[in-house]
Amino acid sequence: MRNRVLGTYLLLAGSVIGIGLWRAKPVRGASKTPSKTSTAHWSQQAAASYLDSREVWWQQWPRAQKDHGTICISCHTNVPYAMARPALRQQSSEMAAPEKIMMDSVEKRVSHWSEMIPFYSDAVHGPGKTAEAHATEAVLNAIILASYDARQGHLRPITRTAFDNAWALQEQTGQRAGGWKWQDFHLGPWEAGESAYQGAALLMIEIANAPDRYAHEPAVREHTDRMRDYLRRQYATQPLMSQIYVLWASSKVHGLLTHAERKTLLLTIQSLQQTDGGWRLYAMDKKPRLDHSPEPQGSDGVATALVVLAMEESGTSHRDKTLQRGVEWLEQHQQKDGDWLATSLNKQRDPQTDVGRFMSDAATAYAVLALEKAHSSTTN
């Protein structure tokens with residue numbers, strides 16, 4: 001089976017070498033010619049090239065290789081890529097080659113769930129890591145597959161299986177009741193104590209968007225009611241970044257935020273907007289850096305794109321001045337490689353290294369979603 005996956009990988013690789021997407025390093029000097037559906041101030045083509053190149057690098061990275069010829073699913077690179085990449089297809093509905101490889105890997109792990117080895121284990125990484133890895137992956141697999149099915153308008157059996165895998169691991173009692181165990185290496189924002197909350201909020205968004213009235217099925221509603229209770233119960237203790245994910249979900253799921261909570265949250269967001277119109281992630285998830293290096297002071301792509309996207313999705317008018325300035329920041333800060341920059345919350349990293357680009361991967365995907373939404377709002 002591994003040889004078959006490798007053969008597919010090489011075949012798909014050959015199909016894109018000629019158009020410059022199949023590269024182990026980020027694409028330099030990508031064209032900024034906007035597509036017919038993009039705004040005049042950013043390039044879909046360059047963003048797609050960057051995201052594809054980063055997905056290819058991840059798929060080739062030795063540490064991302066997992067059992068049965070599959071690939072680790074990362075919160076910073078794979079999940080945002082899966083949510084954003086379909087928005088960058090122009091005339092073709094076909095997946096990009098690295099996108100297809102990622103999806104095949106996810107579907108293989110879901111369909112053979114009982115045979116798959118969790119990404120981390122108690123024996124190697126410490127007590128509790130096997131259960132954390134298993135639950136985290138179950139949620140992320142469901143988010144990825146559901147996000148694709150929402151665009152296609154039909155919920156596939158494999159996606160239902162992914163949801164079932166996640167529901168089976170939903171916590172029933174205690175502080176996490178309604179949520180999930182999560183991979184916690186004390187590395188914000190993706191592998192820390194608050195990350196479980198963000199994961200549940202993202203899953204709630206995809207359930208609300210799921211086709212075929214999946215969210216209305218009685219058995220599903222039992223699980224989502226528990227999720228809503230969990231998100232409501234834990235909201236006040238969460239860092240601002242996690243609360244912003246709930247703002248994103250709030251227009252799709254009734255009862256996640258009260259009117260007063262929404263007003264307070266939007267005022268907080270407005271107060272943290274920097275003079276250049278962006279936001280900085282460190283102001284939303286404050287914790288000491290592990291290497292004691294100075295905290296980043298400038299606006300970054302993750303914080304700005306997440307805020308803009310959450311405001312848009314929650315129903316904020318595109319005429320809102322805070323939102324407009326955020327959109328303008330995104331339009332003005334796409335780099336020549338097609339990406340938007342962001343830095344690690346945990347330590348000083350060289351932004352030109354592959355590991356140093358993890359946060360920029362998420363920033364770029366969220367920026368794509370935010371700008372596509374902004375363009376749709378102003379043209380409808």
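Let's start at one end of a helix: S43 caps the N-terminal end of α2, with a side-chain oxygen 3.4 Å from the backbone nitrogen of Q45. A polar contact here is a pair of N or O atoms within 3.5 Å; within protein, one must be able to donate a hydrogen and the other to accept it, and residues adjacent in sequence count only if both atoms are side-chain atoms.

Before going on, some housekeeping. This is a predicted model, in which local features need pLDDT of at least 70 and side-chain atom pairs count only at pLDDT 80 or more, while totals for chains, interfaces and linings use all residues. Residues are numbered from 1 along each chain as its sequence is written, and side-chain values use heavy atoms, with hydrogens and water left out.

Back to α2. Helices (H or I, at least four residues) and strands (E, at least two) are DSSP runs, numbered from the N terminus. The expected span of a helix is 1.5 Å times one less than its number of residues. For the 17 residues of α2, 44-60, that rule gives 24 Å, and the end C-alpha atoms are indeed 24 Å apart. Is α2 mostly covered or mostly uncovered? Mostly covered: 15 of its 17 residues are buried. Buried means under 20% relative accessible area, exposed over 50%, and partly exposed in between, with a 1.4 Å probe and protein chains only.

One residue of α2 leads us to the salt bridges. A salt bridge is a side-chain nitrogen of Lys or Arg within 4 Å of a carboxyl oxygen of Asp or Glu, and by this rule the count comes to 21. R54 and D354 form one of them, at 3.1 Å from N to O. That pair joins distant parts of the chain: R54 sits in helix α2, D354 in the loop between α13 (321-332) and α14 (358-379), and they are 300 residues apart. R54 counts as buried because its relative accessibility is 1%, whereas D354, at 21%, counts as partly exposed. There is a third partner too, as R54, D354 and D361 are linked in a network of salt bridges.

Here is another pair: the side chains of D67 and R109 meet in a salt bridge, also described by an N to O distance of 3.1 Å. D67 is in the loop between β1 (65-66) and β2 (70-71), R109 is in helix α4 (residues 97-111), and 42 residues separate them. Both D67 and R109 are buried.

A third pair is D339 with R357, whose closest N and O atoms are 3.6 Å apart. Both lie in the loop between α13 and α14, so the pair ties together parts that are 18 residues apart in sequence. D339 has 2% relative accessibility, so D339 counts as buried; R357 has 3%, so R357 counts as buried.

R109 brought us to α4, so let's look there. α4 has 15 residues and reaches 21 Å from first C-alpha to last, close to the 21 Å expected. Of its 15 residues, 11 are buried, including I101, M102, M103 and V106.

Now for the empty spaces. On a 1 Å grid over the protein atoms alone, a cavity is a set of points where a 1.4 Å probe fits but cannot get out, and a pocket is an open set with protein on both sides within 12 Å along at least five of seven lines; lining residues have an atom within 4 Å of a point. Grid points are joined across faces, edges and corners, and a volume is the space filled by probe spheres set on the points.

The largest pocket has a volume of about 720 Å³. Which residues lie nearest its centre? They are H76, Y120, L187, E191 and F358, out of 34 lining residues. Two elements, α6 (129-152) and α14, give two or more residues to this lining, and α6 has the largest share, with 4. The lining divides into 18 nonpolar, 10 polar and 6 charged residues. In that sorting, Ala, Val, Leu, Ile, Met, Phe, Trp, Tyr, Cys and Pro count as nonpolar, Asp, Glu, Lys and Arg as charged, and the others, Gly among them, as polar.

How many cavities of 30 Å³ or more are there? The count is 3. The largest cavity holds about 120 Å³ and has 14 lining residues, with C75, L140, W190, Q198 and L202 nearest its centre. Helix α8 gives the most to that lining, 4 residues. The lining has 11 nonpolar residues, 3 polar and no charged.
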